[in-house]
Amino acid sequence: MKLILTKELGRLARWLRILGYDSSFYRQDNSSTLVIVALREQRVIVTRNSRLSRFAGPRVVKIDSDFVEIQIRQVLRTLKLKPDPKNMFTRCVLCNATLKRIGKEEIKDKVPEYVFKTQKDFLQCDQCHRVYWQGTHWGNVRKYLNKLGL
Ligand SMILES: [Zn+2]
């Protein structure tokens, strides 16, 4: 299932990407263009804007809470999604593109020296070229997801 989130839900979009869901981000205010994009790309609209639920066509999840933990739960519950650990950490948190495994030597200049020395596996975003590794950052994410019961 693919999603498109409106601009007030940036944090939620990042979390859904961490969980492995294709979650694009809509930065503009034009609701009719959003509906067209959602229909064309077959995405469910996730928004805090209650006016959007009135559009016929794409499915809309209207988010009720200000808290990202509750927002994550609402999306998963409403769309009956169950995050698969195999899909977690496979997308770029910033741009939603999929991550590819990359050889250690290729990223030598792109990561801090201690990271290069201590980490074995690296992933890189196809689009923005950001490099990811399973260091402390992913450890904290894992703990947070456990707290959410995911
Ligand atoms: Zn990226």
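**A tour of the two domains**

Select strand E6 (residues 122-125) together with E5: the two strands pair in the antiparallel sense, with 4 bridges between them. The model on screen is predicted. For one contact in this pairing, pick Ile102 and then Phe122 of E6, which is its bridge partner.

Now widen the selection to the whole sheet. It is open and has 3 strands in the order E5-E6-E7, paired antiparallel. Its edges are strand E5 (99-102) and strand E7 (131-133), each of which pairs on one side only. With direction ignored, neighbouring strands of the sheet are turned by 35° against each other on average.

Next, colour the protein chain by domain. Domain 1 covers 2-87, and domain 2 covers 99-133. To see how they are placed, mark the C-alpha centre of each: the centres of domain 1 and domain 2 are 29 Å apart.

Move to helix H3 (residues 68-78) and show side chains for Gln71, Ile72 and Val75, the buried residues of this helix. Turn the view until you look down the axis of H3. Its buried residues fall within an arc of 100°, so they line one face of the helix.

Which elements cover the buried residues of H3? Display helix H1 (10-18), strand E3 (43-47) and strand E4 (60-62), which are among those that provide the cover.

Finally, follow the chain out of H3 to Lys80, and check its backbone torsions. Lys80 comes after the helix and has a positive phi, near 50°.

Key: Residues numbered from 1 in each chain as written. Predicted model: local features only at pLDDT ≥ 70, side-chain atom pairs only at ≥ 80, totals over all residues. Pairing = 2+ DSSP bridges. Axes fitted to C-alpha atoms, helices over the stretch in contact; angles between N-to-C directions. Domains from an automatic or database assignment. Buried ≥ 20, exposed ≤ 12 C-beta atoms within 10 Å, placed from the backbone. Arc of directions from axis to C-beta. Contact = placed C-beta atoms within 7 Å.
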